[in-house]
Every structure is written in structure tokens, then in C-alpha cells.
Amino acid sequence: MSAPAVLAIDQGTSGTKAVVVGGDGAVLALAEAPVRPAYLPGGRVEQDPRELLGSVLAAGREAIEAAGVPVGAVTLANQGETVLAWDPVTGEPLTTALVWQDRRAEEVCAGLAGHAERIAELTGLVLDPYFSAPKMAWIRRNLTREGVVTTSDTWLVHRLTGEFVTDAATASRSAVLDLDAVEWSGELLGLFGLDGERLPAIVACDEVVGTTRAFGGEIPVGGLVVDQQAALLAEGCLSAGEAKCTYGTGAFLLANTGERAVRSLSGLTTSVAWRARGATPYCVDGQVYTAASAVRWLNGLGLVGDASDLDTLAAPDAEGALFVPGLAGLAAPWWRPDATGAFLGMTLSTRPGHLIRAVLEGIAAQVADLAAVVAADLGRPLARLRVDGGLTRSAALMQAQADLLQAPVDVYPSPHATALGAAALARLAVTPSLTVADAVPAWAPATTYEPRWPAERAEEFMTRWRRGVRAAIETGRDA
């Protein structure tokens with residue numbers, strides 16, 4: 001039985017991408033619809049849920065029309081930790097969607113500080129507003145007690161199918177999931193004040209969850225997964241120790257740890273990678289909150305037009321300027337939401353090109369620091385890093401990544417890793433004869449960046465950069 005074409009929808013922070021993927025993994029059509037998150041004072045980031053749904057429907061219908069082929073399945077990759085309250089009878093949203101970057105639940109986390117160790121033990125996560133449960137609790141305390149409060153994927157799938165589900169990978173990003181049992185934890189729900197909440201059923205990532213008529217005809221919906229784990233699968237990180245980094249709004253480094261939920265000793269988080277064919281591999285991950293969003297920040301300052309200008313405008317050397325990309329706080333391994341972005345090492349000779357170069361090197365340095373922490377948890381360094389996302393088009397950033405990582409960087413040949421990973425899971429959902437390895441097409445890097453810097457230069461840079469991180473944390477503490 002040949003695998004059908006799949007409509008894979010990647011619903012992201014700043015847009016929704018719909019890709020029709022053939023049974024062989026080839027991209028047959030692409031459509032995109034923008035989403036405009038609101039960045040508000042106090043670290044608040046929110047989205048209009050109706051805009052999210054509208055973007056899913058518009059992009060999906062446009063892609064199917066452009067492909068001109070029958071589609072045998074629809075799948076959705078989601079943002080992971082974006083939450084909202086909604087009416088399960090009408091499907092109407094009751095609040096805005098609090099985006100994964102939103103920091104307003106810091107008060108919830110502060111009140112649970114004495115339980116942080118227990119939360120980490122059960123969930124593999126750090127007690128931080130980044131994850132779903134603190135934001136869910138904040139909504140319940142401050143906005144509404146009505147309806148249900150869930151991650152955005154549950155609401156979108158409900159609007160498409162009428163079902164009330166979330167996938168195992170997304171559930172593992174909540175901070176109320178028992179990571180080893182892959183079940184909702186009554187103990188954790190009680191800690192967050194979410195006792196008695198109606199929670200979605202947890203489904204496998206290779207499961208058909210329902211059908212939809214939103215895109216013409218009655219089409220099965222399945223292969224649900226959180227976005228970063230979808231990219232991990234697409235890039236073929238099927239074995240323990242294989243790692244990828246996606247450079248999108250943020251940068252996210254994930255490493256497969258096999259079917260053992262390793263608890264990080266270094267400040268990383270552990271999640272379900274995917275649940276498919278009866279197996280549940282796990283992954284450790286670290287986050288850079290501001291990657292492409294740092295480039296958009298440069299654009300707002302008038303220093304760059306868009307990401308395509310980076311290599312042209314960046315100076316060959318930052319001439320001592322350093323940048324810490326803490327514009328939305330620092331995640332793993334520091335977990336300091338009060339940290340700020342910081343330029344250091346500037347002089348009267350510093351020019352815009354030096355600052356642009358410093359931003360690129362700052363993003364690469366934070367990813368390199370995460371890779372070092374991943375290596376400590378795995379017990380061995382990463383042999384190489386597979387990468388995807390819009391910023392991989394910047395040769396300056398990718399070369400800086402290889403230099404600071406001191407390992408080869410392989411650029412995924414498609415800009416649609418998340419959608420392709422979700423499509424692979426959808427094929428598994430509707431084609432029982434496929435194995436996970438069969439569902440993931442083989443690929444060769446579009447480009448491989450080898451380190452040019454000697455190890456001594458990379459270490460000297462990282463030492464200076466880490467001093468900059470400490471300064472950014474101190475500045476945030478004093479603010």
C-alpha cells in the first residue's frame with residue numbers, strides 16, 4: 001500500500017505554513033498565512049485565537065488547491081506551550097492565546113518555588129512560565145473560570161474535528177504530565193490549582209484522532225506532534241545522541257536520548273520526542289528565546305532590512321563587541337526570566353556591522369553553550385549538529401555556529417522540516433505497514449559548515465561571552 005499525500009500544517013508563532021507532501025516525502029505545494037503576535041509590556045506575548053484558526057484554514061485550503069492531488073490525511077504541528085481558555089460547547093475562545101514566550105505566569109512559579117524539585121522529578125521540566133501549566137493556572141486565577149483551558153493544538157483540532165485530544169509530545173511540555181507514565185498527574189494538577197480541570201485525552205503521534213471537512217471531503221486527521229519534535233524526526237535523529245537545532249523565532253536544540261527519560265543534571269528539559277509504533281523515545285532540549293526575533297529587533301532599530309541582509313551587512317569581525325540574546329530572558333541552562341539582552345565590549349569605533357555580527361555570534365554562542373550542556377547529560381560531545389529554519393540561510397550565522405560548536409553543522413535541505421516531520425507521522429497514522437524509519441525520507445545536507453576557528457579561539461570567545469551572560473543576569477536583577 002503506497003503512502004498517501006498529506007496536508008501538513010505547521011502552526012507557528014509568527015505564521016502558519018501548510019505543505020502538501022507526497023507519499024515519497026516530496027513537497028507538492030506550499031501556502032503561508034501570517035500571524036501577528038502582540039508583544040506587550042511586562043513580558044506579555046499573546047495571539048488572537050481566531051487569527052490562528054483563520055490562518056490554518058486559509059493556508060491549508062490554498063495549499064490543497066495548489067497541489068491538485070487527493071489528500072489522504074491532515075496533520076498539525078503546534079507551538080507546544082501556547083495556551084488559551086475556550087468554550088467546549090461552542091468552540092469559541094474565552095481568552096487570548098498566551099504564547100510560549102509570555103512571562104506573566106512568573107507569579108505562579110514564584111509561589112511554587114518550594115515544589116520545583118518535585119516538579120522536575122515528575123515532569124523532566126524546569127518550573128518556568130515557558131511551560132503550559134503556569135500559564136493555564138494564571139488564566140484561571142486572573143481571566144476566567146469558564147470553559148476549558150488547554151494548549152492551542154487541542155483547540156485547533158477540536159475546531160477541525162470536534163475531538164478533545166493532545167499528543168504525547170505536546171502533553172510532555174505542560175509541567176502536569178508524569179513523564180515516565182505519560183499520564184496526567186493528579187499531584188501536579190493539585191500543585192498548580194488545576195484540580196478538576198477537564199483535560200484532553202493523550203494520543204499517540206501515529207494515531208488517527210478524527211476526520212475533518214474543513215479542507216474538502218472527509219479527511220482523516222492524525223500524526224499530531226509539537227513543532228520541535230517534528231523537526232527532530234524529519235532530520236532523522238532517530239537514535240540516542242543525534243541532535244538538531246531549529247532557528248526560528250527562537251532557537252531550539254533537541255537531542256534524542258532513546259527510550260529513557262533522562263533527567264538533566266545541567267538545566268535542560270526532558271520531553272517525549274514522539275510516541276509511535278508502540279515506542280516512546282525521549283529527548284533533552286534547550287532553548288534560545290530570541291533568534292529570528294532578535295533579527296526583527298535589529299530591523300526595528302533600523303540596522304537591517306530583514307534576515308536576507310544579515311550576511312551583507314555583518315562586519316567580517318565584531319571587533320570585540322559581544323551580544324547576549326536575553327531580550328526575552330534566558331532559558332536553559334540559566335532559567336533567568338529577569339535577564340536582559342546586552343551589548344558589551346563596544347568602543348567609539350563600533351559600527352552597525354559590528355553589532356550585527358555580534359548578534360549572530362551571540363545566538364551561535366548560546367546554542368554552543370546548550371550543546372555543551374547536552375553533551376554533559378549524554379556523556380559524550382555531539383559529533384555534529386543538524387540544523388533547519390529560516391536563519392540557516394545566513395552563512396555568517398552557520399559558520400559562527402560551527403566555529404563555536406567545534407563540530408560540523410549540516411543544513412537540512414528543506415525549509416519545511418517541521419511540516420515534513422508531521423507528515424511522516426501522518427503517514428504512519430494512515431499506513432499501518434510503515435515503520436518509523438520508512439516514513440522519514442533520507443536526506444543529504446544542502447551545505448555542511450566545518451569549523452574554521454581553532455579550539456583555543458572558540459574557548460576564549462565562549463569564556464568572554466559567558467562573562468557577558470553573567471552581566472546580563474545582574475543587569476536584569478537590578479532593573
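**Entry 1: the lining of the cavity**

I sorted the residues that line the largest cavity and got 7 nonpolar, 6 polar and no charged. The model I am reading is a predicted one. Next I asked which residues of this lining lie nearest the centre of the cavity. They are Met-136, Thr-150, Thr-151, Trp-184 and Pro-200, out of 13 lining residues. I then looked up the elements that give two or more residues to the lining, and noted helix 4 (132–142), strand 9 (148–151) and helix 6 (168–171). Strand 9 gives the most, with 3 residues.

I also looked up the volume of this largest cavity, which is about 100 Å³. How many cavities of 30 Å³ or more does a search of the whole structure find? I wrote down 1.

**Entry 2: cysteines**

I looked for disulfides and found 0 in the structure. A disulfide is a covalent bond between the sulfur atoms of two cysteines. I wanted to know why Cys-205 has no such bond. Its closest cysteine sulfur is in Cys-283, and the 11 Å between the two sulfurs is too far for a bond. The cut-off for a disulfide is 2.5 Å between the sulfur atoms.

I checked Cys-245 in the same manner. The closest cysteine sulfur to that of Cys-245 belongs to Cys-237, at 11 Å, so a bond is ruled out by distance.

Are Cys-205 and Cys-245 buried or exposed? Cys-205 has 0% relative accessibility and counts as buried. Cys-245 is buried too, its relative accessible area being 0%.

**Entry 3: strand 23 and its neighbours**

I turned to strand 23, residues 385–388, and looked at its two faces. Leu-385 and Val-387 are on one side, Arg-386 and Asp-388 on the other. These four residues are all buried, and both faces of the strand are thus covered.

Which strands pair with strand 23? One is strand 17 (residues 243–247), which pairs with strand 23 in the parallel sense over 3 bridges. Within this pairing I noted that Thr-246 has Asp-388 of strand 23 as its bridge partner. Another is strand 24 (residues 409–411), which runs parallel to strand 23 and is joined to it by 3 bridges. Here Leu-385 has Val-409 of strand 24 as its bridge partner.

Last, I traced the chain from strand 23 to strand 24. The path goes through helix 12 (residues 395–405), and I recorded this β-α-β crossover as right-handed.

Note on methods
Residues are numbered from 1 along each chain as its sequence is written. This is a predicted model: local features need pLDDT of at least 70, side-chain atom pairs count only at pLDDT 80 or more; totals for chains, interfaces and linings use all residues. Side-chain values use heavy atoms; hydrogens and water are left out. Buried means under 20% relative accessible area, exposed over 50%, partly exposed in between (1.4 Å probe, protein chains only). On a 1 Å grid over the protein atoms alone, a cavity is a set of points where a 1.4 Å probe fits but cannot get out, and a pocket is an open set with protein on both sides within 12 Å along at least five of seven lines; lining residues have an atom within 4 Å of a point. Grid points are joined across faces, edges and corners, and a volume is the space filled by probe spheres set on the points. Ala, Val, Leu, Ile, Met, Phe, Trp, Tyr, Cys and Pro count as nonpolar, Asp, Glu, Lys and Arg as charged, and the others, Gly among them, as polar. Two strands pair if DSSP finds at least two bridges between them. A crossover is right-handed if, with the strands pointing away from the viewer, the path from the first strand over the helix to the second runs clockwise.
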